[in-house]
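Colleague: Before I use this model, I would like the reasons behind its labels. Please set each label against its criterion.

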Amino acid sequence: MPYLVSVTGSRFPLRRGQSYILGRGLDCDVVVEDGACSRRHARLSMARATDAGFLEDLGSRNGLFLNGELVRTRTAVREGSRIQIGASIFLVCLKDEREEVDLQETGTIAFDWDGFRRDADGGELSGIGIVGLLRHLFNGRRNVRLHVALDKEHAIIEIRNGEILYADYCGLEGFNALVRLGRNNNGIFWMIDSEEACARNIRDPSVRLLNELQRCLDPSHTR
């Protein structure tokens, strides 16, 4: 069943043919505890025959954003879309589950994300872990800015041609930021294609970095 997931891991099932009101009011289907949220802020409507949805603003004071863009008219949502009301972010999951493939030698699980749109990849960090996610991007030689939203915190990781160049999270930078993020292992992530030059606070090759990160997060792990 499709669902919304918040940065704290709360899930809100979405049934076909039904509409859901997001807002601060206690009578809303999805209560958003955010000062920037109106009492009835937005409506998410699910199609009857397919796992498709449509989002619309209900005349909110502070606006409604879908994948970083202001929603002005009724707009379609897709797998991995992110809905933002104030500082509150929800990820749209239209598929029941992502297809898993065989365990890799690294001990991490890889996922078949070929069907995902490259400009809106997203998911739950707990489903793959930060090491698994970074290995996926490294193996795919991706050029992305990776965002991870957690309760009251936000991480940014810059990756170019698969190499991890920059990480910033919770006042930490580089490897320490990745370790802190990995220990939380919660929240939701999305990535945006980017080939722009970026600042760099990680100098180690990604192969070495990922192996060391794996050891820090799982001392029992050995190559």
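Modeller: The model is predicted. Within β19, isoleucine 188 is the bridge partner of alanine 149.

Colleague: What makes β15 and β19 a pair of strands?

Modeller: Pairing requires at least two bridges found by DSSP. Strand β15 (residues 144–150) and strand β19 (residues 188–193) are joined by 6 bridges, so they pair, and they run antiparallel.

Colleague: What stands opposite alanine 149 in β16?

Modeller: Histidine 154. The criterion of at least two bridges is met here too, because 7 bridges join β15 to β16. These strands run antiparallel and form a hairpin with 2 residues between the strands, where lysine 152 takes a positive phi near 70°.

Colleague: How do you know that β16 and β17 pair?

Modeller: They share 5 bridges in the antiparallel sense, against a requirement of at least two, so they count as paired. Glutamate 158 in this pairing stands opposite tyrosine 166 in β17. The hairpin of β16 and β17 has 2 residues between the strands, and asparagine 161 in the turn has a positive phi of about 50°.

Colleague: Why are β14 and β18 called edge strands?

Modeller: The open sheet of 6 strands has the order β14-β19-β15-β16-β17-β18, with antiparallel pairing. β14 (121–124) and β18 (172–173) each pair on one side only. Helix α2 (residues 174–184) lies across β15, β16 (153–160), β17 (163–169) and β18, at about 70° to β17.

Colleague: Which strands are at the edges of the sheet with the order β2-β1-β11-β10-β7-β8?

Modeller: β2 (11–13) and β8 (69–70), each pairing on one side only. This open sheet of 6 strands also has antiparallel pairing.

Colleague: What makes β7 and β8 a pair?

Modeller: β7 (residues 65–66) and β8 are joined by 2 bridges, and at least two are needed, so they pair. In β8, leucine 70 is the bridge partner of phenylalanine 65.

Colleague: Which residues touch the most other members of the largest nonpolar core?

Modeller: Of its 28 residues, these are Leu134, Leu146, Ile157, Ile164, Leu178 and Leu181. The largest share, 6 residues, comes from α1. A second, separate core of 20 residues includes Cys37, Leu44, Leu66 and Ile85.

Colleague: How do you know that isoleucine 164 is in contact with Leu134?

Modeller: Contact means heavy atoms within 4.5 Å, and Leu134 is listed on that basis, so the term applies. Beyond four places in sequence, the contacts of isoleucine 164 also include Ile157, Leu178, Ile202 and Leu209.

Definitions and conventions:
Residues are numbered from 1 along each chain as its sequence is written. This is a predicted model: local features need pLDDT of at least 70, side-chain atom pairs count only at pLDDT 80 or more; totals for chains, interfaces and linings use all residues. Side-chain values use heavy atoms; hydrogens and water are left out. Helices (H or I, at least four residues) and strands (E, at least two) are DSSP runs, numbered from the N terminus. Axes are lines fitted to C-alpha atoms, for helices over the stretch in contact, and angles run from 0 to 180 degrees between N-to-C directions. A nonpolar core is a set of buried Ala, Val, Leu, Ile, Met, Phe, Trp, Tyr and Cys residues joined through side-chain atoms within 4.5 Å. Buried means under 20% relative accessible area, exposed over 50%, partly exposed in between (1.4 Å probe, protein chains only).
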